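Biologist: Hi! I'd like to learn how to read the empty spaces in a protein model. Could you walk me through one?

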Amino acid sequence: MLTPKFQINQDDVSVTIVVHAPYTKVSEVDIFIEETCFAFHAKPYYLRLELPGNIVEAGSSCKYEVDEGAYTVHVCKQEKGEHFENLDLLTTLLAQKKTPQTKPLIEVVEEDVDSEHEASLTEEHICSTTFGYGFANQKHGIISKLQEDLCDIVYIRNPDDTSLEDRKSLKQAAEDLKFDSDYYLADLYEDDYIQHIIKFIPEWKQSPEEQLEFTDEEKEQLQKLPNKEYLISENEQKLILNGLFDILFAYAYNVRVTEGEGCVESAWNIRTISHTLSWCCTSSCLKETVVSCLRRSLCYPQYRNWKLGCKVVQDVIRILKKGRRYVLHCLLHIWKIFQTADGSPCYILNDLYITDYCVWLQKLKTCDELMKRLSKEAKDIKVLKENLNLELELIEEAAELVLADEKQEEESNSEVDELTNQMGSVSVNS
């Protein structure tokens with residue numbers, strides 16, 4: 001059965017659901033309404049929604065628009081005047097998967113469980129906490145099967161057999177090798193365009209503070225996402241939030257340097273700057289995440305400038321402060337960029353990370369508060385150049401000395417030239 005496109009709105013007394021089911025027979029349409037459940041069936045379409053409040057069949061109506069191929073169903077609320085929360089988070093309304101998609105940190109196991117099954121559970125837990133990757137480090141054994149396709153996407157060669165700590169060490173070693181002091185100094189002193197993109201005003205600073213409304217394209221994306229349940233421990237949630245900051249940093253960097261237009265390198269920018277996506281890494285604290293973001297912004301992309309990196313950190317703080325819907329808006333944009341990247345299987349990163357982030361954010365009951373707390377925590381973090389361990393201050397001091405010597409030499413040469421000119425003038429007069 002196909003899940004049809006749908007729109008949903010409400011007023012004080014009813015919920016209006018528009019179901020797009022073209023080329024169906026009106027006589028074969030079946031609509032079911034009971035408590036919080038709304039179901040629509042007309043071959044080959046089937047839609048089942050779980051609404052956040054009770055609805056009743058009495059007084060409800062349905063109208064078919066032939067030209068649009070759409071059924072407009074007005075369903076009465078049981079309690080008149082009740083406001084149904086989060087009707088725009090469409091993924092959460094869809095029929096739900098029966099089994100949770102991630103395992104809790106602690107599982108209750110029957111006492112008489114056989115030792116073989118117990119060993120299997122222990123091994124699975126070790127894999128997710130030591131060798132896992134993807135959303136909440138809950139995936140394992142996937143990348144090794146796709147290594148040939150992912151060699152240019154994920155830089156870690158064998159994450160299924162490389163621990164999280166080893167990945168971090170390998171990542172830092174690769175960054176140290178990639179960092180180019182001459183490139184850094186060039187972007188430090190020849191920074192006309194960099195200053196231009198620092199002054200650029202991105203969408204998140206232009207848009208009003210009121211609740212964001214998703215576009216029709218974004219609504220369609222939300223309807224295609226799977227409605228999953230997540231059992232996340234407190235420690236896993238910290239990793240998820242740190243990863244979210246890292247991914248948003250890479251996204252905000254790309255938006256700023258392309259001035260919101262995007263380019264053929266957008267997918268590369270995002271997946272490369274994010275250590276979550278490129279190295280399957282996690283950070284134990286938010287400061288470590290910010291440091292990694294700034295390090296990678298000085299090692300890989302086209303524009304490598306400290307002030308630019310700090311500006312992007314401020315961008316992420318602003319995005320998080322705008323709350324769940326705006327963060328989700330950014331993630332849906334990333335999802336689209338990866339899904340449509342030419343000649344690159346970046347869509348796999350959607351399967352590993354972005355899709356789950358999009359669903360999880362919709363499921364969080366206190367998501368806006370959580371985003372704002374993360375924003376405040378990031379705002380209170382102070383990162384210095386020395387924290388990046390790239391010897392930036394030493395490189396800048398050496399460059400300043402060279403510039404001072406060159407300036408002094410130029411002044412000396414200028415004085416010699418002036419004296420020579422004066423002497424030549426005296427000889428002529430004589």
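Modeller: Sure. One convention before the tallies: Ala, Val, Leu, Ile, Met, Phe, Trp, Tyr, Cys and Pro count as nonpolar, Asp, Glu, Lys and Arg as charged, and the others, Gly among them, as polar. Also keep in mind that this is a predicted model.

Biologist: Got it. What does the chain look like overall, and how many helices and strands does it have?

Modeller: The protein chain has 16 helices and five strands. Of its 430 residues, 46% count as buried. The chain exposes about 23200 Å², and carbon and sulfur atoms supply 49% of that. As for contacts with a separation of 6 or more, 73% are between residues 24 or more positions apart.

Biologist: Now the empty spaces. How do you look for them?

Modeller: Rolling a probe the size of a water molecule over the atoms shows where empty space is left. Here, the largest pocket has a volume of about 650 Å³.

Biologist: Which residues lie nearest the centre of the largest pocket?

Modeller: Those are G262, S266, H333, K336 and I337, out of 32 lining residues. By class, the lining of this pocket has 14 nonpolar, 11 polar and seven charged residues.

Biologist: And which element supplies the largest share of that lining?

Modeller: That's α13, with six residues. The elements that each supply at least two are α6 (203–206), α7 (216–224), α8 (234–257), α9 (266–273) and α13 (324–339).

Biologist: You mentioned α7. How should I read a helix like that?

Modeller: An α-helix has 3.6 residues a turn, so residues three or four places apart point the same way. In α7, the buried residues are E218, Q221, L222 and Q223. Their cover includes β1 (5–10), α13 and α14.

Biologist: What about closed spaces? How many cavities of 30 Å³ or more are there?

Modeller: A cavity is a space where the probe fits but cannot get out, whereas a pocket is open. The count for this model is one cavity of 30 Å³ or more. The largest cavity has a volume of about 120 Å³. Among its 16 lining residues, L239, T276, C281, T282 and Y357 lie nearest the centre.

Biologist: Which elements give two or more residues to the lining of the largest cavity?

Modeller: They are α8, α10 (275–279) and α14 (347–363). Of these, α8 gives the most, with four residues.

Biologist: And what's the lining of the largest cavity like by class?

Modeller: Seven residues are nonpolar, nine are polar and none are charged. The lining of the largest pocket, by contrast, includes seven charged residues.

Conventions
Residues are numbered from 1 along each chain as its sequence is written. This is a predicted model: local features need pLDDT of at least 70, side-chain atom pairs count only at pLDDT 80 or more; totals for chains, interfaces and linings use all residues. Side-chain values use heavy atoms; hydrogens and water are left out. On a 1 Å grid over the protein atoms alone, a cavity is a set of points where a 1.4 Å probe fits but cannot get out, and a pocket is an open set with protein on both sides within 12 Å along at least five of seven lines; lining residues have an atom within 4 Å of a point. Grid points are joined across faces, edges and corners, and a volume is the space filled by probe spheres set on the points. Buried means under 20% relative accessible area, exposed over 50%, partly exposed in between (1.4 Å probe, protein chains only). Contact means heavy atoms within 4.5 Å. Accessible areas come from the Shrake-Rupley method with a 1.4 Å probe; for residues, only the protein chains shown count as cover.
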